[in-house]
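Reader: I am new to this structure. Please take one part and look at it closely, then show me how the rest connects to it.

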Amino acid sequence: MLVENLKSADISQGVNVIGPVLVLSVYGLLGFNCYMYFCCYLPILYVSKVPYFPLSSPDSHIFGVSQSMILTIIFFILLFNIVFNYTMTWLISPGKLQEFYDARDKEHHENPNYELKKNRPTNAIVNKDLKACMRHTKKTIDYIDDDWIIRCHKCKFLDNHDEETGINKVPAKPLRFHHCSVCRNCVVNMDHHCPWVNNCLGLKNLRYFLLFIFYLPVSNIFIGMIMWHVRSHPYYKNFPMCSQVMIGVHVGIFIAMSFFNCWQWYLCLKGIPQIEYLQSMEGEVNEGKTYGFPSICDNIYVTFGTKNIFKVFLPSLRSQPLEGLEWTMEEVINKKKIMETHERVMRIIEETNEAQDVEINWL
């Protein structure tokens, strides 16, 4: 066991070290694409005759200024979406358990009725399952910290010392939270830890990752079409090594991202992260329960904060309808209702037995 823990620690430390290097390499590849476009492709598209291209007029083989401007605008749109979504993926926290504890206002620490004042999108029409979860969006982790049995003994961020027991308090581990050995924290709706973004993918940043991997193959197709139509120009042959690298990089990324896109977007539409899907296949997650909503639109709404398909693919900083504790809140409330019902039934049974005993004694 000790050897396994040491190996796991070594792997986690290695991922932490290589993560920033991979992030810089991604920005380097994006910069290399910009260099090739402006130094190699654009001059050819601007002044030279090239084979037929869909944007060229039927009676001309010259792109000219207008066509080059259109292609450059498309290039900048794709580049902006890739850079923006990639940056937000590694910049934004996926939703760590420690942040829910840190967010508790010290002034209201002992007041369980304290509610977070956060703006949430409320104009969307949602089904009853999602609406039931959205009732708890303003509640803090104080609501479940004392009643929730499941705890994470791997998270070490709490320093609250219990004087009665003499041990440090172990943080609650709400539903749909999974511990990441690299981040050393539990993450809500954790999909996986991606070394290419040096961050976990969870409820808060998954939408940016989905858009990042969506725009990558789209840009591969765009650059591939341009490379195909300028390949025979003499000026293009001044970049032999760079051209070969571009072809290899774009073909490899397109093949990998095409399959990865299908998988990740399928999970998004189902409303379950990759870890929960794998656990459900092995029957290890919450006695077979799944927490994705039946409606695809509701699952999109939870991830992207909108049901408008056009807005889904636009860069945005919009808020999401759920914080991540709502599934646990609903579970706690349901268990309390069951316990109250059970106590009420037992009390009725006891009263009935007492009444029967009194009647027998009277007889």
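Author: M225 counts as partly exposed, because its relative accessibility is 32%. This is a predicted model, so every value here is computed from it. M225 sits in helix 6. It belongs to a nonpolar surface patch of about 640 Å². The other members of that patch are I221, I247, V251, F254, I255 and F259. Two elements give two or more residues each to the patch: helix 6, which covers 206-230, and helix 7, which covers 240-270. Helix 7 gives the largest share, five residues.

Now stay on helix 6, but turn to F222. Is F222 buried or exposed? F222 counts as buried, because its relative accessibility is 11% and the limit for buried is under 20%. Which residues does F222 touch, leaving out those up to four places away in sequence? They are L71, I74, F75 and L78. Take I74 from that list. In sequence, F222 and I74 are 148 residues apart. In space, their C-alpha atoms are 8.7 Å apart.

Next comes the interior. In soluble globular proteins, nonpolar side chains tend to be buried together. The largest nonpolar core here has 42 residues. Y41, F209 and F304 have the most contacts inside it. Helix 1 (2-47), helix 2 (64-91), helix 6, helix 7 and helix 9 (296-304) each give two or more residues to this core. The largest share, 13 residues, comes from helix 6. So helix 6 contributes to the surface patch and also to this core.

F304 deserves a closer look. Leave aside its neighbours within four places in sequence. F304 is then in contact with R207, L210, L211, W265, C268, V312 and R318. Another core lies apart from the largest one. That second core has 27 residues, among them A172, L175, F293 and L325.

Charged pairs come next. Side chains of opposite charge can pair when their charged atoms come close. How many salt bridges are there? The count comes to three.

One of them joins E276 and R176, with the closest N and O atoms 2.9 Å apart. E276 lies in helix 8 (residues 274-281), and R176 lies in the loop between strand 2 and strand 3. The two are 100 residues apart, so the pair links distant parts of the chain. Both E276 and R176 are buried. For R176, the relative accessible area is 4%. R176 also has a positive phi of about 70°, although it is not a glycine. Strand 2 covers 167-168 and strand 3 covers 177-180.

K204 forms a salt bridge with E323. Their closest N and O atoms are 3.2 Å apart. K204 is in the loop between strand 6 (199-201) and helix 6, while E323 is in the loop between helix 10 (309-312) and helix 11 (326-362), so the pair ties together parts that are 119 residues apart in sequence. K204 is buried, with a relative accessible area of 18%. E323 counts as buried too, at 10% relative accessibility.

D298 forms a salt bridge with K307, and here the closest N and O atoms are 3.0 Å apart. D298 is buried, with a relative accessible area of 1%. K307 counts as partly exposed, at 27% relative accessibility.

Back to backbone angles. R184 has a phi near 60°, a positive value in a residue other than glycine. R184 is in the loop between strand 3 and strand 4 (185-188). Is R184 buried or exposed? It counts as exposed, because its relative accessibility is 63%.

Then the cysteines. A search of the whole structure finds zero disulfides. C152 is in no disulfide, and the nearest cysteine sulfur, that of C186, is 3.4 Å away. Why does that pair not count? The sulfur atoms would have to be within 2.5 Å, and 3.4 Å is outside that limit, so no disulfide is assigned. C152 counts as buried, at 3% relative accessibility.

Last, the whole chain. It has eleven helices and six strands. Of its 363 residues, 43% count as buried. Among contacts between residues at least 6 apart in sequence, 71% join residues at least 24 apart. The accessible surface comes to about 20,900 Å², and 62% of it belongs to carbon and sulfur atoms.

Conventions. Residues are numbered from 1 along each chain as its sequence is written. This is a predicted model: local features need pLDDT of at least 70, side-chain atom pairs count only at pLDDT 80 or more; totals for chains, interfaces and linings use all residues. Side-chain values use heavy atoms; hydrogens and water are left out. Buried means under 20% relative accessible area, exposed over 50%, partly exposed in between (1.4 Å probe, protein chains only). Patches are made of residues with over 30% relative accessible area and no salt bridge: like charges are joined within 9 Å, nonpolar side chains (Val, Leu, Ile, Met, Phe, Trp, Tyr) within 5 Å. Accessible areas come from the Shrake-Rupley method with a 1.4 Å probe; for residues, only the protein chains shown count as cover. A salt bridge is a side-chain nitrogen of Lys or Arg within 4 Å of a carboxyl oxygen of Asp or Glu. Helices (H or I, at least four residues) and strands (E, at least two) are DSSP runs, numbered from the N terminus. A nonpolar core is a set of buried Ala, Val, Leu, Ile, Met, Phe, Trp, Tyr and Cys residues joined through side-chain atoms within 4.5 Å. Contact means heavy atoms within 4.5 Å.
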